[in-house]
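Let's learn to read a protein model together, one feature at a time. Take a look at the structure first, and then we'll talk it through.

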Amino acid sequence: MLSVPHALDALNFLSADVRNLFGPFINVYLATSRDWSQTDIGLVTTASGLLGIALQTPIGAAIDVTRQKREVLVATMAAMTLSAFIIFAFPTFWPMVIATSILAVAGDAFVPAVTALTLGLVPKRELARRIGRNSAFDHGGNIATALVAGGVGYLFTQRYVFLLVPFYAALCSAVVMMIPAAAIDHDRARDLGREGKDDGSAAGYSVLLRTRPLVIFAASAFFFHFANAPLLPLVGQKLAFEFPKEATAMMSFCMVAAQGVMVPIAIFVGRNADRIGRRPIFLIAFAVLPIRAALYTLSDNAFWLLGVQLLDGVGAGIYQALTPLVIADVMRGTGRFNLAQGAVATTQGVGASLSALAAGEAVDHLGYSPSFFILAGVAAAALVLFFLFMPETRNGRATEAAPADALPQGASGT
């Protein structure tokens, strides 16, 4: 049996192995091995993304209420395993739509469930360090996944990469069930005030719209993900067309390069977010993204593209480590932490899904460089919005600045 801290470490490491055997690997596989057009890839990604968008907020609300968070995580592992088998056996349009839709729903449940589990196991004073440590182990798992997947894709074919999923999913499920159910504080897992009860003191669902910092953050997240989501797949495709035999290995190297940077970034954020504040660190993430998108246009050299990809480790590393903390700050005491996570994930999903289709159309009609410049412009808009309007949330300042009725209300919903 593992201790709770070590079980969380293993959960984040192994779940990264499962989740990240999809995503960019699917895009590269369809573009290079199955000869799909960018538009067709964008249609599949958008279709599954829209389903995920529709379910993210309701799933977040359900995770606030459920006391079977471990079982939710095991169910998502089973769903991802099913998707992997579909992709391996039936890589045609409609089966791919079904497989990626299952992945979208599973992802909607998995990420907030892990964060809720963490909140329920870790005291508030230790949360920043624990979230940073979660993120570091997640990135470490990504590196391991990319290396193994790259080797499998090179020695066999890209298609066989997806057969790694069932193995990692079984390990992840076993680790989850090692966490004692009695160790989880379910009130704290939803950020409910200690004096509150599940059946009466959680804020109403309208708290999402009344909490101004949350609305600003969600809008910033929309533009950030619209700009960021297509970058790695597009770079991977450029590399794959130049080096078709090494396509999966090149994609794996892109992931390893970024994830290697994210590990120390996550540790830094976890140790300094309480001391420095959330906003100054987050501004770095928003500033790096437009620079990265524009730099991709300067050269098609593989070493240049891989070097620029390192900047993804800075931006995405900060974003992943800080987002749960910011949401916990602004939703403190409302009992709607996971609902808010789902709402922010919905805006992220809208941005990422729309950009997948938009980027595919842009590349098909304009080429790669103009598409990268368009994405750089969207990223700059995200930076301006965050800089001008997002307050510091450390110590609950953003929550205090929100309207009074954004705080917990009696009998306003569960």
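## Reading the fold, step by step

Q: Where do I start, and how far apart in sequence are the residues that meet in this chain?
A: Among contacts in the chain between residues at least 6 apart in sequence, 86% join residues at least 24 apart. Keep in mind as we go that this is a predicted model.

Q: Is there a pair that shows this? How far apart are Ala 202 and Gly 335 in sequence and in space?
A: Ala 202 and Gly 335 are separated by 133 residues in sequence, and their C-alpha atoms are 4.7 Å apart in space. Ala 202 sits in the loop between helix 8 (186–189) and helix 9 (207–210).

Q: Is Ala 202 buried or exposed?
A: Look at the relative accessible area: under 20% counts as buried. For Ala 202 the value is 0%, so Ala 202 is buried. Across the chain, 59% of the 414 residues count as buried.

Q: What about the surface: how much does the chain expose?
A: The chain exposes about 15,700 Å², and carbon and sulfur atoms supply 69% of that area.

Q: How many helices and strands does the chain have?
A: There are 17 helices and zero strands.

Q: How do I describe two packed helices?
A: Use the angle between their axes and the distance between the axes. Try helix 3 (residues 38–65) and helix 15 (residues 337–366): their axes come within 7 Å and cross at roughly 175 degrees. An angle over 145 degrees counts as roughly antiparallel, and helix 3 and helix 15 are therefore roughly antiparallel to each other. The residues of their contact divide into 13 nonpolar, 15 polar and three charged.

Q: At what angle do helix 10 and helix 16 cross?
A: The axes of helix 10 (residues 212–228) and helix 16 (residues 368–389) cross at roughly 165 degrees and come within 7 Å. That makes helix 10 roughly antiparallel to helix 16. The crossing is left-handed.

Q: Which residues make that contact?
A: From helix 10 they include Ile 216, Phe 223 and Phe 224, and from helix 16 they include Leu 375, Val 378 and Phe 389. The residues of this contact divide into 14 nonpolar, one polar and one charged.

Q: Can we finish with one residue? Where is His 225, and what does His 225 touch?
A: His 225 is in helix 10. Its relative accessible area is 16%, so His 225 is buried. Leaving aside residues up to four places away in sequence, His 225 touches Pro 230, Tyr 319, Gln 348, Gly 351, Ala 352 and Ser 355.

Note on methods. Residues numbered from 1 in each chain as written. Predicted model: local features only at pLDDT ≥ 70, side-chain atom pairs only at ≥ 80, totals over all residues. Heavy atoms only, no water. Axes fitted to C-alpha atoms, helices over the stretch in contact; angles between N-to-C directions. Helix = DSSP H or I, 4+ residues; strand = E, 2+ residues; numbered from the N terminus. Parallel < 35°, antiparallel > 145°, perpendicular 65-115°, else oblique. Left-handed = near helix turned anticlockwise from the far one by under 90°. Contact = heavy atoms within 4.5 Å. Nonpolar A, V, L, I, M, F, W, Y, C, P; charged D, E, K, R; others polar. Buried < 20%, exposed > 50% of the residue type's maximum accessible area, 1.4 Å probe, protein only. Areas by Shrake-Rupley, 256 points an atom, 1.4 Å probe, with all protein chains shown as cover.
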